Structures are given as structure tokens and as C-alpha cells.
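Subject: Structure handover

Hello,

Here is the structure I said I would pass on. Please look through the sequence and the model first; my notes follow below.

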Amino acid sequence: MTEQLDKRADTTRLQILRAASRQFARKSYSLVSLDDILADAEVTKGAMYFHFRSKYALASAIIEYRAAVARASVDQLLARKLSGLETMIDISFFIALEDMGDETARAGLNLLASIGRTDGLQADILGQWVTAFAAIAGKAVKDGDIISDRDPEGIGSLLVSMYLGLRQTSNVAEPDRFLRDLEKMWALVLPGFVKHDRIDYLNQFIKRRTAVALKNAAPF
């Protein structure tokens, strides 16, 4: 009986997370009320407070939940054993496709920008992103693809900033525009840290990834 109750509680928690994600993916944090979430989730206020003590706690849980899902997906990309630069490009397009087509991913990134500075959550999550990109950049230096005197952590910061900035200047709700803008951003940053004889190949690699992403983009 206890196991059944625990499973039901986990199901209810996930139900609330998904409902809140649908709301936060479409509206800003300040415009979403607990009543909106409760109506979407079809649960009682008591059920919500059993799992989340406040709207902020629920929003933070979405950020952390999505970050964990993203880490697992990136691990799968790393297992493909592509070159460091190809892997960084693939990760950026994976993030974009998730951002465009998955409500929890969109909500997590929206919330990271709007409430993430509280309690250092934004710094923690983005720091993990930078560290992950820096490790891949370090591999690319060893592969001979990145200019040897370029700082891997600086490259990691650049790529994270590039994507988050693109969310502000482009429109993630318009897949064609967003993906082509991402392609342009890559073409602009590559000469800053990639060896000259690799740029043409990588630009073609990016064009192929853009074409595939355009076919697979499924906005909600």
C-alpha cells in the first residue's frame, strides 16, 4: 500500500510539473498564477502544497528537473564520439530543438532567466553548462581543431552566452528563423577560436545540422 501511495505521489508531482511547464512556457513567471497551474493540473491546492511550498519552489523544481534531463541527453551525445567541435555544435542544435518543441525545456530556460538569480540557481546551472562546453573545447584543442592558445572556459562562456542571447534577439517560437539565426551565430564565432583549415568543413557541418533540425522541428 505504501509503495502504491508513493507511486501516486510521484505521478501527481510530475503532473503538476508538466502543467506548470505548459503555463511558464507560454507566459512570464509573474503572469502565471497558482490557480492557472491548479486548473491545468486538475489537482487540489493541498496536493500542490504537499509537493511544492510555493510558486517559486515549483518554478525552481522545473529548472532543476529540466537541467537533469538535459544532462542525461548531453551524455548520450558525448557517447557518439564525434570530434569536440562537432559535439559542441550538435549540443547547441539539440538545445534549440528541445527549446522549440518541449514545454518543459522552454519553461526551464524562461524561468532560469526570470527567477534564476535568486538563490544562485542561474549561476549554478549556467556554470555547469560552461564547464561542460569547456571540457569539450579542451578535447577539441587536443584534437587540433581549436587554436592552442584559446581558453576552453572562455569558449564555453561564449557559447552559453551566444545561445541565451539568441533567445532574446531571435524568436524561439519561429523555428525557421531561430535555427537559421543559430547557424549564422556559429559562422560568426568560429573564426575566433577554430583553426582556419577546419572552418569550411565546420560551416558545411553546421548547414547540414540546420537542415536536419528544420525537418525535425516540432513547435508545440
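**A buried tryptophan**

With a relative accessibility of 0%, Trp-186 counts as buried. This residue is part of helix H9, which covers residues 175-189. Please keep in mind that the model is predicted.

What does Trp-186 touch once its neighbours within four places in sequence are left aside? The contacts are Met-88, Ile-89, Ser-92, Phe-93, Leu-159, Met-162, Phe-193 and Ile-206. Ala-19 lies 167 residues from Trp-186 along the chain, and the C-alpha atoms of the two are separated by 34 Å.

**The chain as a whole**

The protein chain has 10 helices and 0 strands. Read from the N terminus, the order of elements is α-α-α-α-α-α-α-α-α-α. The C-alpha trace spans about 60 × 35 × 30 Å along its principal axes. Of the 220 residues in the chain, 45% are buried. If one takes the contacts between residues at least 6 apart in sequence, 70% of them join residues at least 24 apart.

One example of two positions separated in sequence starts in helix H1, residues 2-26, where Leu-14 is found. The C-alpha atoms of Leu-14 and Ala-41 are separated by 9.6 Å, and the two residues are 27 residues apart along the chain. Leu-14 has a relative accessibility of 26% and therefore counts as partly exposed.

**Helices H5 and H6**

At what angle do H5 and H6 pack? Helix H5 (residues 84-101) and helix H6 (residues 103-115) meet at about 100°, and their axes are 5 Å apart. The two helices are therefore roughly perpendicular to each other. On the H5 side the contact is made by Glu-98, Asp-99, Met-100 and Gly-101, and on the H6 side by Glu-103, Ala-105, Arg-106 and Leu-109. By type, the residues of this contact divide into 4 charged, 3 nonpolar and 1 polar.

Arg-106, in helix H6, deserves a separate look. Is Arg-106 buried or exposed? Its relative accessible area is 9%, so Arg-106 is buried. Not counting residues up to four places away in sequence, Arg-106 touches Asp-99 and Met-100, and also Ala-25, Arg-167, Val-172, Ala-173 and Phe-220.

**Aromatic rings**

A pair of aromatic rings is described by the distance of the centres and the angle of the planes. How many aromatic pairs does a search of the whole structure find? The search finds 3, and two of them, Phe-24 with Tyr-29 and Tyr-163 with Phe-178, are described here.

The ring centres of Phe-24 and Tyr-29 are 5.8 Å apart and their planes are at 15°, so this pair is stacked. Phe-24 and Tyr-29 are both buried. Tyr-163 and Phe-178 form an edge-to-face pair, with 5.8 Å from centre to centre and 85° between the planes. Tyr-163 belongs to helix H8 (residues 152-169) and Phe-178 to helix H9, so the pair ties together parts that are 15 residues apart in sequence. Tyr-163 and Phe-178 are both buried.

Tyr-29 has a further partner: Lys-55 lies over the face of its ring, at 4.2 Å from the ring centre.

**Two residues with positive phi**

Most residues other than glycine have a negative phi. Which values does the model give for Glu-42 and Asp-119? Glu-42 is not a glycine, yet its phi is positive, at about 60°. Asp-119 also has a positive phi, near 65°, and is a residue other than glycine.

Where are these residues found? Glu-42 is in the loop between helix H2 (34-41) and helix H3 (45-51). Asp-119 is in the loop between H6 and helix H7 (121-143). The cut-off for exposed is over 50% relative accessible area. At 70% relative accessibility, Glu-42 therefore counts as exposed. Asp-119 has a relative accessible area of 68%, so Asp-119 is exposed.

Regards

Technical notes: Residues are numbered from 1 along each chain as its sequence is written. This is a predicted model: local features need pLDDT of at least 70, side-chain atom pairs count only at pLDDT 80 or more; totals for chains, interfaces and linings use all residues. Side-chain values use heavy atoms; hydrogens and water are left out. Axes are lines fitted to C-alpha atoms, for helices over the stretch in contact, and angles run from 0 to 180 degrees between N-to-C directions. Helices (H or I, at least four residues) and strands (E, at least two) are DSSP runs, numbered from the N terminus. Angles under 35 degrees count as roughly parallel, over 145 as roughly antiparallel, 65 to 115 as roughly perpendicular and the rest as oblique. Contact means heavy atoms within 4.5 Å. Ala, Val, Leu, Ile, Met, Phe, Trp, Tyr, Cys and Pro count as nonpolar, Asp, Glu, Lys and Arg as charged, and the others, Gly among them, as polar. Buried means under 20% relative accessible area, exposed over 50%, partly exposed in between (1.4 Å probe, protein chains only). Rings of Phe, Tyr and Trp (its six-membered ring) pair if their centres lie within 6.5 Å; planes under 30 degrees apart count as stacked, over 60 as edge-to-face and the rest as tilted. A charge sits over a ring if NZ of Lys or CZ of Arg is within 6 Å of the ring centre and within 35 degrees of the ring normal.
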